[in-house]
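Here is a briefing on a single protein chain. Please look over the sequence and the model before reading on.

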Amino acid sequence: MINITFPDGNIKTFENNPTGLDIAKSISEGLARDCVAMELNDKIVDLKTQITGDSKIRLITTRDAEGLEIMRHSAAHVMADAVLRLYQDAKLTIGPVVEDGFYYDIDMQPLSKDDFPKIEAEIKKIIKAKMPFERTEVSKSEAMKFYKNEPYKLELISELQDETISLYKHGDFTDLCRGPHVPHTGLIKAFKLTKVSGAYWRADQKKAQLQRIYGTAFFNKKELKAYLHFIEEAQKRNHRKIGQALDLFSFHDEAPGMPFFHAKGISIWNCLLDYWRLEHRTAGYVEIKTPIMLQRSLWEKSGHWENYRENMYTAMVDEDEYAIKPMNCPGGMLLFGRRPHSYRELPVRAAEIGLVHRHELSGVLAGLFRVRAFHQDDAHIFMTPDQIENEILGVLKLTERIYSTFGLGFHLELSTRPEKSIGTDEQWETTTQGLKAALDTYGRDYKINEGDGAFYGPKIDAHIKDALSRTWQCGTIQLDMSLPERFNLAYIDRNNEKQRPFMIHRVIYGSIERFFGILVEHFAGKFPLWMAPVQIALLAINDDLVPYAGQVQQTLEDAGLRTEVDRRTESLNKKIRDAQLGNIPLILTIGNKEKESGNLSARTLDGKVRFGISQENFLNRVQDHIRHRKLDLNIFDD
C-alpha cells in the first residue's frame with residue numbers, strides 16, 4: 001500500500017505503484033487530460049514516473065507556470081526534430097527554455113524567417129501525431145556511443161559528472177535531456193517561431209557560429225494571439241527604430257557598442273540628469289567625479305583584476321599598466337579614504353554619474369540595452385551599523401520618487417547570503433537584518449531570493465514595470481563588507497576608536513543609456529512635455545508670417561522652452577503631420593488672426609485644438625506642466 005499526500009494535507013491510498021497519471025485519473029479524467037507533470041517529494045518529474053513509496057505530490061497542470069515551462073521545453077525538442085527532418089546535415093547543441101519561449105542552437109546552414117513556414121508545417125505534423133515523450137537512462141559510455149557522430153552532444157556528455165544519463169525520445173527523435181516533459185507532443189496546442197540569429201558555440205568567437213532559432217508556445221491559441229499582439233506592440237516601440245526616426249542617437253562601426261547621442265537625444269539626457277541631481281541634492285547627497293582610467297594596482301586591490309579582467313580595457317602609460325574603469329567603486333573608496341572621518345560626519349552619501357567601459361561580446365550588444373560604454377548613477381553611502389536601516393529606507397523612498405515621476409511601477413526582491421561569501425556570520429546577520437528591517441518599515445511587498453546575494457553582501461533589487469508590463473531590473477541596493485576592508489577604510493567612533501564603516505552601493509537609473517532606451521519604449525517616443533527635445537513647434541501658414549513666428553519663438557525661448565519654427569514652403573497640413581510624426585507635444589499654428597490678436601492656436605499631440613489662448617495663459621499652463629513634471633500630453637485639462 002502506498003500513501004499519497006496532496007498539498008492540502010489529504011491522503012489517498014493506492015495498492016500498486018501508481019504513476020502521476022494514475023493518480024490524476026483517480027480524481028477525474030478531466031484533471032488527467034489537463035496534467036503536464038508532477039512535483040514528487042519536492043522534485044518535478046514526468047507524469048508517467050512510477051511512485052514506489054509513501055510520497056507527497058503536487059499535480060502540475062496547464063494553469064501552472066511550471067507547466068508552461070515544461071511544455072515549452074518539449075516544444076524545443078519538437079522544433080529540433082522538425083529541423084533535422086528538413087536539414088539532415090544539421091547538428092544539435094542545446095535548446096533551453098527562456099523568458100516567453102525557447103530556442104535551440106543548431107550548427108547548420110544560415111536560416112531566415114522565410115524558412116519558418118516549412119519548419120512550422122513539420123512541427124504541426126509532429127504535434128498532430130501526439131507522440132509520447134519517453135525517458136530512458138543509459139550509462140555515460142552508452143550515451144557517448146549513441147552520439148558518436150554528434151560532436152556537440154559528445155562534448156556535453158564528456159563534461160557530465162553523472163555516470164547515468166537520461167535521454168528523451170518522441171517518434172524517431174532522441175535528445176540528451178534531464179527532463180521532465182509533457183506526456184505527448186499533442187499538448188503543444190499553439191506555437192510560433194519568432195526569430196533567428198547567429199550565436200557562437202559557448203559564446204566563444206573562436207568557435208563555430210550556430211543558428212539560434214527562437215520560438216514560443218502556449219496551451220491555447222488565445223494566449224498565443226495575445227502574446228503575438230504584445231510582440232507587435234513592442235516592435236512598434238523598439239527604441240532603436242524610434243531613436244533613429246526622432247534623431248536621438250546612433251551607433252557607428254568605428255565604435256561598436258558605444259552610442260552617439262545627437263542634439264535631441266542630449267536634450268532628453270540632460271533632463272534626466274537635471275532631475276536626478278535635484279532629487280539627490282534634496283536627499284542629502286554630494287556629487288563627485290573620479291578618473292576614467294586608473295592603475296592596475298588599484299584594480300588588484302579592489303579584486304576586479306582577478307575577477308573581472310576579461311571585461312576590462314587596458315593600456316600602457318609610462319610603462320605602467322592602466323585599466324579603463326568598468327565600475328566606479330574603487331575611485332569612490334580612494335576619495336573616502338583620503339582623510340580621517342569622525343562618526344559625526346556619517347553617513348556620507350557620495351553620488352557619481354560615472355562613465356564606465358566593459359568589453360561585451362559583439363553578439364550580445366543590443367542597442368542601448370547592452371553596450372560597451374555607459375554611465376552609471378552610482379552612489380556610495382558610508383555609515384555606522386546603526387544607520388543601515390534608515391539609509392536603506394532613504395534609498396527606497398528616493399527610488400520610488402524617481403520611478404513614479406516617469407510613471408514606472410516596480411517591485412522589490414531581497415537576495416540573501418550565497419554559499420560562497422566573505423565576512424563573518426555577525427556581519428551578514430547585521431546587514432541582512434538591516435535590509436529586511438528597512439523593507440518591513442517601507443511597507444511594500446517584497447520577494448526573498450535565498451542565497452542569491454553578492455559574495456560581499458546582501459542586496460535589494462528594484463524591477464521596474466513599463467507601459468507594456470515588461471519588467472526591467474534597474475535599481476539595486478547592495479551592502480558591501482569587502483571594499484571597505486580591502487581599502488582599509490575607517491572612521492573614529494564616539495569612544496575615539498577606529499571602526500570599519502559599512503557601505504552601500506546603489507544605483508537607481510542603473511545604466512543611464514539603458515534607462516534612456518527603456519523610457520523610449522515606455523513612452524513609445526512620445527515623451528512628456530518636460531522631457532521632449534522639442535516642446536513646441538511653430539507653424540506659419542505662409543512664408544510672410546514666418547518672421548512673426550520667429551518673434552513668438554523668441555518669447556517662448558526667453559521663458560526657457562525648447563522650440564522649433566518650421567520654415568519650409570509646405571502646406572500647413574503637411575507641417576502639422578510632420579510635427580506629429582516627430583512627437584512634438586505642442587503645435588502652434590500662426591496665421592493672420594493670431595498675428596493681429598497676439599493670441600495663439602495650440603494643438604496637442606492627441607489632436608485637440610484650443611483657439612484664441614493668450615500668450616500669458618499659454619506660458620503659465622506650459623510652465624506649470626513642466627514644473628510639476630506631468631506625464632499627460634494635454635495642457636488644456638480644465
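The points below cover the chain as a whole, one helix, one pocket and one loop residue.

This is a predicted model, in which local features need pLDDT of at least 70 and side-chain atom pairs count only at pLDDT 80 or more, while totals for chains, interfaces and linings use all residues. Residues are numbered from 1 along each chain as its sequence is written, and side-chain values use heavy atoms, with hydrogens and water left out.

**Whole chain**
- The chain has 20 helices and 33 strands, taken as DSSP runs numbered from the N terminus (helices are H or I, at least four residues; strands are E, at least two).
- Of the 638 residues, 50% are buried, meaning under 20% relative accessible area, with exposed set at over 50% and partly exposed in between (1.4 Å probe, protein chains only).
- The C-alpha atoms fill a box of roughly 95 × 75 × 60 Å along the principal axes.
- Among contacts (heavy atoms within 4.5 Å) with a separation of 6 or more, 68% join residues 24 or more positions apart.

**Helix α14**
- Helix α14 spans residues 425-442, 18 in number, and reaches 25 Å from first C-alpha to last, close to the 26 Å expected at 1.5 Å a residue (1.5 Å times one less than the number of residues).
- Its buried residues are Trp428, Thr431, Thr432, Gly434, Leu435, Ala438, Leu439 and Tyr442.
- Seen down the axis of α14, these buried residues fall within an arc of 150°, so they line one face of the helix; the arc is that of the directions from the helix axis to the C-beta atoms.
- The buried residues of α14 pack against α13, β22, β23, β24, β25 and β28.
- The face turned away from the buried side of α14 carries exposed Asp425 and Glu426.
- Gly443 follows α14 and has a positive phi, near 95°.

**Second largest pocket**
- The second largest pocket holds about 1000 Å³ of space, a volume being the space filled by probe spheres set on grid points joined across faces, edges and corners.
- A pocket is an open set of points on a 1 Å grid over the protein atoms alone where a 1.4 Å probe fits, with protein on both sides within 12 Å along at least five of seven lines; lining residues have an atom within 4 Å of a point.
- Of its 35 lining residues, Met327, Arg358, Gln376, Tyr456 and Gln478 are the closest to the centre.
- Strand β25 gives the most to this lining, with five residues.

**Arg338**
- Arg338 sits in the loop between α12 and β20 and is exposed, at 61% relative accessible area.
- The C-alpha atoms of Arg338 and Leu489 are 9.3 Å apart, with their positions 151 residues apart along the chain.
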